[in-house]
Amino acid sequence: AVRVGRCPQNDVILSLPGISWFHAELRLIARGRDAEPLLGVCDLSSNGTGIKAVGTDRAERLCKNVLKEVQHGSQIIVPMKVAAGRSSVAFAVMIDGFSRGSPVPVD
């Protein structure tokens, strides 16, 4: 997993107001023996994480602790809940292919 948040122990460190110590995790989602894995994001935060899919105007707020698939070209937005005068960070997900690893099974 790739962890995102303010804690220095995260893989991606974001030092912005509204970002939780451990805000979100990116994980590979297994799809079967011969299929390429998918990318997923899991919200761990107090202020929320969102996904804005390509071709949509609004971001979908994720349910906390639920792994959600992220499509190529989507934006992950942190935090979703922003105080007046503050801003969120969005980063695009570009998936060119995966090397074989150890994807996380999803129940």
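How many helices and strands are there in the protein? There are 0 helices and 9 strands, where helices (H or I, at least four residues) and strands (E, at least two) are DSSP runs numbered from the N terminus. The legends below walk through a predicted model: local features need pLDDT of at least 70, side-chain atom pairs count only at pLDDT 80 or more, and totals for chains, interfaces and linings use all residues. Residues are numbered from 1 along each chain as its sequence is written, and side-chain values use heavy atoms, with hydrogens and water left out.

**View 1. Here is the whole chain.** Read along the sequence, the pattern goes β-β-β-β-β-β-β-β-β. The protein has 107 residues, and 31% of them are buried (buried is under 20% relative accessible area, exposed is over 50%, partly exposed is in between; 1.4 Å probe, protein chains only). About 6,600 Å² is exposed, with carbon and sulfur atoms supplying 49% of it; accessible areas come from the Shrake-Rupley method with a 1.4 Å probe, and for residues only the protein chains shown count as cover. The average pLDDT (the predictor's confidence in each residue, from 0 to 100) is 83, and 84% of the residues score at least 70. Over residues 98-107, though, the pLDDT is below 50.

**View 2. This one shows an open sheet of 5 strands.** The strand order is 2-1-3-4-7, and the pairing is mixed; two strands pair if DSSP finds at least two bridges between them. Strand 2 and strand 7 (67-70) stand at the edges with a single partner strand each, so one side of each has no neighbour in the sheet. Further in, strand 3 and strand 4 pair in the antiparallel sense over 6 bridges. Look for Leu28, which stands opposite Leu39 in strand 4.

**View 3. Now for the largest nonpolar core.** A nonpolar core is a set of buried Ala, Val, Leu, Ile, Met, Phe, Trp, Tyr and Cys residues joined through side-chain atoms within 4.5 Å. This one has 13 residues, of which Val41, Val70 and Ile76 touch the most other members. Strand 3 (24-29), strand 4 (38-43) and strand 8 (75-78) each supply at least two of the core's residues. Leaving aside neighbours within four places in sequence, Val41 is in contact (heavy atoms within 4.5 Å) with residues including Leu26, Ile51, Leu62, Val70 and Ile76.

**View 4. Zoom in on His23, in the loop between strand 2 (12-13) and strand 3.** Is His23 buried or exposed? With a relative accessibility of 0%, His23 counts as buried. Beyond its neighbours within four places in sequence, His23 is in contact with, among them, Val4, Gly18, Cys42, Asp43, Thr49 and Pro79.

**View 5. Finally, the salt bridges.** The structure holds 2 of them, a salt bridge being a side-chain nitrogen of Lys or Arg within 4 Å of a carboxyl oxygen of Asp or Glu. In one, the side chains of Arg27 and Glu25 meet at 2.9 Å, N to O. Arg27 is partly exposed, with a relative accessible area of 22%, while Glu25 is buried at 14%. In another, Lys68 pairs up with Glu60, and the closest N and O atoms are 3.5 Å apart. Lys68 is partly exposed at 32% relative accessible area, and Glu60 counts as partly exposed too, at 41% relative accessibility.
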